[in-house]
Amino acid sequence: MTQSSVREAAPGAAGGGAQVADGGEGRGGRRRARQARGRRAMKWSATVLAAVIVGTAGAGYLYYRHLNGNIRHDDLNLGDNKVAKPTPNAAGQTPLNILLIGSDARDSKENQKLGGARETFGTPARADVQMLLHLSADRTNMSVISMPRDTLVQIPKCTDPDDDEEYPASNGRVTTNLSLRNGGPGCTVATWQELTGIHIDHFIMVDFAGVVSMADAIGGVPVCVDANIHSRDSEGHGSGLKLAEGTHPVKGEQALQWLRTRYGFEDGSDLARAKAQHMYMSSMVRQLRENATLSSPLKLRRLAEEATDALTVDPGLDDVKKLFDLSNELRKVDPKRITMTTMPNRYVGVHVEPTEDAEQLFRLVREDISLDGKGRKKAAEEKLSDDPAAPDGEISVQVQNGTSTDALGAAQGRASTVTGLLQEEGFTQAVADRSTILGEDRTIVRYPSAELEGDAQRVAKSLGIPLSAVKRSTAVTGVTLVVGADWREGTAYKAPKKDDRMPDADKALNAADEGACMHVNPAFSF
């Protein structure tokens, strides 16, 4: 993005999208407390990796209870779409998917002091940083995928379990960072699952001010810039980061500035900021594994104190032992097998949207295929729904033309042609929707609820469409076949050749890369 497209960590900046009501008065005390917590959550989820990797040293029972009392928790998933867990591998292991969430709202005095603004006080929280951490089933590799805060998505209906308040699905696509205000982090989880089809096991949200004390507890994380940088423009925008060319350990507020910086890094976009966050995370992982001073019980105790005080988690991670067990799982992965990247995207005005390569990336995660290309195995066979399909003649199918692309207009008559093919196969209730022209890179079959999954799979199978192209979606009311740009002509669908390579691999960062260095925009050098 350009510097003018999104404000530099502007407190409360949504980056566009619809405004959602804050819910009014009369909420329960627990709900008000949770909203306050959400507003204090900081967006730099990177530092939470320190907490879960280091874990805690042996502690007395009272101190253990004290640490548990520090941890705040909230519901995991507020949406209707409950994606099934992956099938265990031969050893009985399953992958772990953890969504790291952070908000740009800053409503405490401490957070205001660290960079907030008066005009944002009391505004609803926004999930301005979202990173999915995927730990492979065999614990040999890890992936971290960032989603830009201005990604346009369909936010599903979310229900607050505290008071049963329903937040309706968004009217069209809005920016993903608005999901946090629809009941809490559980709606951000629901939004991710709706978009990606990835089962999310846990979420972790880290307190804004906590990053400073945690960074101090770690003792400094080395970061690199390829030129002198001062992140401040003539209008006062910027994080204030000021570093000379080269590698420097940053901690405390300076670490916070690094993680906030957009003005001064590369093109000044959130994509550049995500890259800087990945570099910090990678360096921190190496630091925590190699720094002997962190073997000190006193330092570990301090880090445990700061970490637990900073976290808001789902109930599956709501005590120290659960976090410690998770840390042991994460520590099994060598930094050489940790890959960090950003969801492939394209611009839509000042916002972005996922591309077909994003779906490829999500599929690799769903199928637990490593992003670094090592140790890949044949993907598991496509799993049929447990819910049997109705007879072909009783399945209602709506067929839409989705063959429009940026370069080509829609291929005429495709909805009617494919409807005819379905009717010939016995789907007598198939109808063509000629009122809608869409743009889908690949042919897809959507269904709205679990009881129609078998019907949707049956439709796909009859036309030779792979089951991986059958997706649950709240955007449809029944089984809906969208004829994509990969089927602009002919009557036989040719499924694209399966490719397990990571898209945009040249933009990914390996956590073992000690030579990574952020490029400084000359306009912000000194």
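**View A. Strand S11 in the predicted model is mostly covered.** S11 spans residues 221–225. Four of its five residues are buried. The coordinates come from a prediction. In a regular strand, side chains alternate between the two faces of the sheet.

**View B. Strand S11 pairs with strand S14.** S14 covers residues 246–250. The two strands run antiparallel, and five bridges join them. Within this pairing, cysteine 224 stands opposite threonine 247 of S14.

**View C. Leucine 243 sits in the largest nonpolar core.** This core has 56 residues. Leu243, Trp258, Phe265 and Tyr280 have the most contacts inside it. Helix H8, residues 270–290, supplies the largest share of the core, with eight residues. In soluble globular proteins, nonpolar side chains tend to be buried together.

**View D. Leucine 243 touches residues of S11 and S14, among others.** Leaving aside residues up to four places away in sequence, its contacts include Val223 and Val225. His248 and Val250 are also touched by leucine 243. Further contacts include Ala227, Asn228, Ile229, Gln254, Trp258 and Phe526.

**View E. Another core lies apart from the largest one.** This core has 25 residues. Among them are Ala415, Ala432, Ala460 and Ile465.

**View F. Two charged side chains sit over aromatic rings.** The charged end of lysine 242 is placed over the ring of phenylalanine 526, 5.2 Å from its centre. Phe526 is also one of the residues that leucine 243 touches. Arginine 262 lies over the face of tyrosine 263, with 4.6 Å to the ring centre. As for ring–ring contacts, the structure holds three aromatic pairs.

How values were computed: Residues numbered from 1 in each chain as written. Predicted model: local features only at pLDDT ≥ 70, side-chain atom pairs only at ≥ 80, totals over all residues. Heavy atoms only, no water. Buried < 20%, exposed > 50% of the residue type's maximum accessible area, 1.4 Å probe, protein only. Pairing = 2+ DSSP bridges. Phe/Tyr/Trp six-rings, centres within 6.5 Å; stacked < 30°, edge-to-face > 60°. Lys NZ or Arg CZ within 6 Å of the ring centre and 35° of its normal. Core = buried A, V, L, I, M, F, W, Y, C linked by side-chain atoms within 4.5 Å. Contact = heavy atoms within 4.5 Å.
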